[in-house]
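Here are some short exercises on reading a protein model. Try each one before you read its solution.

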Amino acid sequence: MPQYLKQLTRLLVIIIPLANLWSASHLYAQSDQKSDSLLGLLHETISRKEKIKILNEIAHELRRSHPDSAISFAEQALRLSIEENDSLGMADAYFETGMVHRYQFHIDEARDWLLKSYGIFLRLGYDDKVGQTANQVGITYGIQGAYDRAGKYFNEGLAANLRTGDKTKQAECYNNLGNVFKYKGDYVMSVEYYQEALDIYKELADSAGIGQIYNHLGIIYDYQGNYRQSLEHYFDALRILENTDDLEDIASVTGNIGVAYYYLKDYKKALEYANRQLTLEEQLGDKRGLAIVLNNIGQYHENLGNLNEALDYNRQSLEYKKELGLQEGIASSYHNIGNIYSKLERYQEALEYHETSLGMREEMDHAHGIAMSLVSTASVHRHMGNFQKSNSLALKAFKMSEELGSPMFRQGASNVLADNYSDLGRYREAFYYQKVYQETSDSLNSEANIKKVTQLEMQYEFDKLQQEKEFQRQQEVLEYEGEVKRQKILAWTFIGGFILVIVMGLLILRGYYQKRRANTLLAEQKEEIQTMNDQLQDSLGEKEILLKEIHHRVKNNLQIISSLLSLQSRDISDETVKDAVKEGQSRVKSMALIHQMLYQSEQISRIRFGEYLDQLTSSLASMYQSKSDIICKTSADGIDLDIDTAIPLGLIINELVSNSYKYAFAGRASGRITVDLQSEGDAYRLTVSDDGIGMPEEIELEKSKSLGIRLVNILVSQLNGRLERDDGQGTTFYINFNEPNNLK
């Protein structure tokens, strides 16, 4: 056998097992969990700001699964943020802590942390974070029944999300505003907001969002007594949500279908759907969901005549609601327990529970709940013989039912009024309200409505069965096609792999002989190159050290000048002269800062202008600390400039921002300054703007006698740039210039 074939055979014996080993390891490799990956990054990270960011991200990942650990990581992030004076990291840590408390239903603590976070994000001008945090603050108020405050924060969140263009967050705010108006009894506004959310979710093809809105619309129709329409929306929501992983919303819709059957007086059907919801809530471990479904099961048992079971379920529900601080839920449980005591003819106890429920609902301004409590309290007073009090409450409930468009409350109030007027011998009024009661009852329980509801459920069950059959058939087809495809892939993989191994072997042998010839020559060349590199590296290192030392000394000299100016200004009594000296000190500091950054940087000729801009504006803010409510926002991410461009540009920014602090906000307690540097190739555009009172129109840039403006004009000319001013709202300066190519 020829020598090269023997070597090829040995090579194949080695290559084939290695190829199989690589394939198996590649096939079965799995990625770590995200939190584990973040922990790994945390140990590798040197920058403290990066550590703060990663700690907050870990807290975010552990919010639901390990709340105690999430709090611990957020506390570490907060501690580091305070040490580093990192406002953004601090706000993120507050937000994550608040969200952990919210998921644990520690609502007061959640709101306190979230409001701290919201204040910082608002001050920093991060609209995306402002929108997200305002929405969460609104939810905490909504859980406790403070609907006006909830609406205020939802509107602020919506405004911020409209500015950022985040469609998903806009839809969330519209949805939450719909909930606020639903609880306040303004169903027209509620539906308008739900429709806004629905349009966005359809645009985004967000199935979970669409299903959620159909569920909310179904609740509105429930409140208005249109149970056919409500069930139509509920079943539409259920069809959509069952194709998602959103068990929480599936459980909610399932329970709402039970509520609709309850209003149709089909209590067994209502109990069937409630038990389905109970199974889902137990699977989720959702205490709020358990509180709601136990409440509903109690009501259904009450109407089936199982009063002891009803009382037991309502008390279980009440315990969950008190633990979670669900004010409307607590009021609802008091109302239900009052109804049970009323049926047990324990009217004094019933009255105490109903009056407590009514007081809570009036404090929350929950219109739907108020009307419900008024009817039940009026009924108890009637049984106790307090006809005047009963009539007063029932008439109020009747009026509210007209305002809310709710036939359910009209039915209950008219029934109490008809019985009261009959017992009082006022038969004309009794006849009127009995007629209203009968007409309302007929409309709620019409045969057409019941038939349509039955058809809806049958259609839902049929559609579900058809979907399951079609899914099973598609699975079988896919499995068969997949098996055929796998067999073909295996065959071609084996053939291709065999050919590839042979070709690789030949190429490796050929390369081996070529490599041997080249290695000797390469070794000699490498030795010569290494010697030259060592010499160049030594020379370059000496020059870099020398240049850094020059920057260090220039920085020290400029700082000495700044200190001398500061000392000199203390002995000056004339405020005009003193201000001029301070301005000179500020200009010296802006130049010293550039040399300091070059000395500390790995680059010896270029400066990261975004970092320089942050430090410069922070220094100016501290100088004008009496203007502490003025926010200065900067942006120059990713832009590096050489020293000859950075120094005049820094002086320009120093002059314009100082002018804004000094003159733009006269008579105002707050304001905003923006400094933005953008680049496109060699072209740069600097924008310095404020929302202050603006410059007088008679001041011309080219003819101004102000030292600051004259200095700006000189420095713009030094950059070969162009200066423009816009007095539309506040004052805005635009400076366009090019950085010389030979300096890049």
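**Exercise 1.** Which residues in helix 16 meet which residues in helix 17? Then describe how the two helices pack.

*Solution.* A note before we start: the model is predicted.

Step 1. Take the side of helix 16. Its contact residues are Leu-307, Ala-310, Leu-311, Asn-314, Arg-315, Ser-317, Leu-318, Lys-321 and Lys-322.

Step 2. Take the side of helix 17. Here they are Gly-329, Ile-330, Ser-332, Ser-333, Tyr-334, Asn-336, Ile-337, Ile-340, Tyr-341 and Lys-343.

Step 3. Sort the contact residues by type. They give 9 nonpolar, 6 polar and 4 charged.

Step 4. Now the geometry. Two packed helices are described by the angle between their axes and the distance between the axes. Helix 16 (residues 307-324) and helix 17 (residues 327-343) pack at about 160 degrees, and their axes are 9 Å apart. Helix 16 is therefore roughly antiparallel to helix 17, since angles over 145 degrees count as such.

Step 5. Add the handedness. Helix 16 passes helix 17 in a left-handed crossing.

**Exercise 2.** At what angle do helix 13 and helix 14 pack, and how far apart are their axes?

*Solution.* Step 1. Read the geometry. Helix 13 (residues 247-263) packs on helix 14 (residues 267-284) at an angle of about 165 degrees, with the axes 7 Å apart.

Step 2. Apply the cut-off of 145 degrees. Helix 13 is therefore roughly antiparallel to helix 14.

Step 3. Look at the contact. Helix 13 contributes residues including Leu-247, Ile-250, Gly-255 and Tyr-262. From helix 14 come, among them, Tyr-267, Ala-270, Arg-276 and Leu-284. The contact residues divide into 11 nonpolar, 6 polar and 4 charged.

Step 4. Check the crossing. Helix 13 passes helix 14 in a left-handed crossing.

**Exercise 3.** Does Asn-85 count as buried or exposed? Ask the same of Phe-105.

*Solution.* Step 1. Locate Asn-85. It sits in the loop between helix 4 (67-84) and helix 5 (87-103). Its phi is near 55 degrees, a positive value in a residue other than glycine.

Step 2. Judge its accessibility. Asn-85 has 63% relative accessibility, so it counts as exposed. The cut-off for exposed is over 50%.

Step 3. Turn to Phe-105. It lies in the loop between helix 5 and helix 6 (107-124). Phe-105 is not a glycine, yet its phi is positive, at about 60 degrees.

Step 4. Judge again. Phe-105 has 13% relative accessibility, so it counts as buried. The cut-off for buried is under 20%.

**Exercise 4.** How many helices and strands does the protein chain have?

*Solution.* The chain comes to 27 helices and 7 strands. Of its 744 residues, 44% count as buried.

Methods
Residues are numbered from 1 along each chain as its sequence is written. This is a predicted model: local features need pLDDT of at least 70, side-chain atom pairs count only at pLDDT 80 or more; totals for chains, interfaces and linings use all residues. Side-chain values use heavy atoms; hydrogens and water are left out. Axes are lines fitted to C-alpha atoms, for helices over the stretch in contact, and angles run from 0 to 180 degrees between N-to-C directions. Helices (H or I, at least four residues) and strands (E, at least two) are DSSP runs, numbered from the N terminus. Angles under 35 degrees count as roughly parallel, over 145 as roughly antiparallel, 65 to 115 as roughly perpendicular and the rest as oblique. A crossing is left-handed if the near helix is turned anticlockwise from the far one by less than a right angle, and right-handed if clockwise. Contact means heavy atoms within 4.5 Å. Ala, Val, Leu, Ile, Met, Phe, Trp, Tyr, Cys and Pro count as nonpolar, Asp, Glu, Lys and Arg as charged, and the others, Gly among them, as polar. Buried means under 20% relative accessible area, exposed over 50%, partly exposed in between (1.4 Å probe, protein chains only).
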